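Reader: I would like a close look at a single part of this chain, the nonpolar core. Please set out what it is made of and what surrounds it.

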Amino acid sequence: MSMSRLRRDSAWKYCWGFLMVFCRTAISSPTVLEPIYWNSSNSRFLPGQGLVLYPQIGDKLDIICPKVDSKTVGQYEYYKLYMVDKDQADRCTIKKKNTPLLNCSIPQQDVKFTIKFQEFSPNICGLEFQENKDYYIIWANLPGFLWY
């Protein structure tokens, strides 16, 4: 085999490898999803259904707590958001073992929580998600909320 043929074959393999990496990166590029403003006036929350999203692995989502504006007096919305299983979501219940994802208790500050949909987290307490699996986030803000 001649030296020029070897160089052409190597160049072709290099270009092919670059093209494959470029295509995989372009196809699986993560998306920053539209943020969710977690408040009672958000029209994206549908009665009886909530808000349904279809994120992909690698996507990011910001959940933003309600903030008090200068016109609002005495009306604050306080929430604690939890990730729960389907049964808990259907029954609107939270188990004592559930850890809050986000505590919206400082109405005069901007507070947000970013979820990165990833299969593996380098953080021991980080969230991990699987493709084609449903996840549920609910909130507790009322006295007498069901705990078990």
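Author: What follows describes the core, then the sheet beside it in the account, then the chain as a whole. The model is a predicted one.

The largest nonpolar core holds 15 residues. Within it, W38, I63 and L102 have the most contacts. Two or more of its residues come from each of strand 2 (60-64), strand 3 (79-84) and strand 4 (100-104). A second core, of six residues, lies apart from the largest one and includes V84, A89, I94 and I138.

I63 can be followed residue by residue. Leaving aside residues up to four places away in sequence, I63 touches I36, W38, L81, L102, V111, K112, F113, I115 and I137. Two of the names in that list, W38 and L102, are also, with I63, the residues with the most contacts inside the largest core.

Next, the sheet. Three strands form an open sheet in the order 4-3-6, and their pairing is antiparallel. Strand 4 and strand 6 (136-140) are the edges, each paired on one side only. From one strand to the next, the twist averages 20 degrees. Five bridges join strand 3 and strand 6 in the antiparallel sense. V84, a member of the six-residue core, has Y136 in strand 6 as its bridge partner.

As for the whole chain, it has two helices and six strands, arranged along the sequence as α-β-β-β-α-β-β-β. Of its 148 residues, 24% are buried. Among contacts between residues at least 6 apart in sequence, 67% join residues at least 24 apart. The accessible surface comes to about 11,500 Å², and carbon and sulfur atoms account for 57% of it.

How values were computed:
Residues numbered from 1 in each chain as written. Predicted model: local features only at pLDDT ≥ 70, side-chain atom pairs only at ≥ 80, totals over all residues. Heavy atoms only, no water. Core = buried A, V, L, I, M, F, W, Y, C linked by side-chain atoms within 4.5 Å. Buried < 20%, exposed > 50% of the residue type's maximum accessible area, 1.4 Å probe, protein only. Helix = DSSP H or I, 4+ residues; strand = E, 2+ residues; numbered from the N terminus. Contact = heavy atoms within 4.5 Å. Pairing = 2+ DSSP bridges. Axes fitted to C-alpha atoms, helices over the stretch in contact; angles between N-to-C directions. Areas by Shrake-Rupley, 256 points an atom, 1.4 Å probe, with all protein chains shown as cover.
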